[in-house]
Amino acid sequence: MKKVLRVYGGVLRLVRLLPADTRPYYAKYARENFVNYRDVDVSETPLDELFQRAYNHSLWVLNKYSVDESAAKKLKEICFE
């Protein structure tokens, strides 16, 4: 559970780098996704796969708004430790 919260915190830190008018949408999207992760059966979908998905989606959003991918370095370390 601790790692899930660290990944969520990392995603929210990245949301702060986005343009101001997009932050509420992506913060809400992240919150809803992580709430849904509580309902996932870990035997069917490993948490590592969910962390990979969170990292990949974060990179996609950063690229969409032309934010340097290096900002996600900390999230990558958390997701793949």
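Here is a short walk through the helices of this structure and a few of their residues. Please keep in mind that the model is predicted.

Let us begin with helix α1, which runs over residues 2-15. At 1.5 Å a residue, its 14 residues should span 20 Å, and the end C-alpha atoms are indeed 20 Å apart, so the two values agree. Several residues of α1 are buried: Val 4, Val 7, Tyr 8, Gly 9, Gly 10, Val 11, Leu 14 and Val 15. What covers them? The cover includes α2, α3 and α4, the last of these being residues 73-79.

Next comes helix α2, residues 23-37. This helix has 15 residues and reaches 21 Å from its first C-alpha to its last, close to the 21 Å expected at 1.5 Å a residue. Which of its residues are buried? They are Tyr 26, Ala 27, Ala 30, Phe 34 and Tyr 37. These buried residues cover an arc of only 105 degrees around the axis, which puts them on the same side of α2. The face turned away from that buried side carries the exposed residues Pro 24 and Tyr 25. As for the buried residues of α2, what covers them includes α1 and α3.

Now look at how α1 and α2 meet. Their axes come within 9 Å and cross at roughly 170 degrees. Angles over 145 degrees count as roughly antiparallel, and α1 and α2 are therefore roughly antiparallel to each other. On the α1 side, the contact is made by Val 4, Val 7, Tyr 8, Val 11, Leu 12 and Val 15, while α2 brings Arg 23, Tyr 26, Ala 27, Ala 30, Arg 31 and Phe 34. Sorted by class, this contact has ten nonpolar residues, two charged residues and no polar ones.

On to the pairing of α2 with α3, a helix that covers residues 47-64. Here the packing angle is about 170 degrees, with the axes 12 Å apart. The two helices, α2 and α3, are therefore roughly antiparallel to each other. From α2, the residues in contact are Tyr 26, Tyr 29, Phe 34 and Tyr 37; from α3, they are Leu 50, Ala 54, His 57, Trp 60, Val 61 and Lys 64. By class, there are eight nonpolar residues, one polar residue and one charged residue in the contact of α2 with α3.

Two residues of α3 deserve a visit of their own. Ser 58 lies in this helix. Is Ser 58 buried or exposed? With a relative accessible area of 9%, Ser 58 is buried, because buried means under 20%. Leaving aside residues up to four places away in sequence, Ser 58 touches Val 11, Leu 14 and Leu 75.

Leu 62 also has its place in helix α3, and its relative accessible area is 1%, so Leu 62 is buried. Which residues does Leu 62 touch, not counting those up to four places away in sequence? They are Leu 14, Leu 18, Val 67, Asp 68 and Ala 72. Leu 62 and Leu 17 are 45 residues apart in sequence, and their C-alpha atoms are 8.4 Å apart in space.

Our last stop is Ser 66, in the loop between α3 and α4. At 67% relative accessibility, Ser 66 counts as exposed, because the cut-off for exposed is over 50%. The phi angle of Ser 66 is near 55 degrees, a positive value in a residue other than glycine.

How values were computed. Residues numbered from 1 in each chain as written. Predicted model: local features only at pLDDT ≥ 70, side-chain atom pairs only at ≥ 80, totals over all residues. Heavy atoms only, no water. Axes fitted to C-alpha atoms, helices over the stretch in contact; angles between N-to-C directions. Helix = DSSP H or I, 4+ residues; strand = E, 2+ residues; numbered from the N terminus. Parallel < 35°, antiparallel > 145°, perpendicular 65-115°, else oblique. Contact = heavy atoms within 4.5 Å. Nonpolar A, V, L, I, M, F, W, Y, C, P; charged D, E, K, R; others polar. Expected span 1.5 Å × (residues − 1). Buried < 20%, exposed > 50% of the residue type's maximum accessible area, 1.4 Å probe, protein only. Arc of directions from axis to C-beta.
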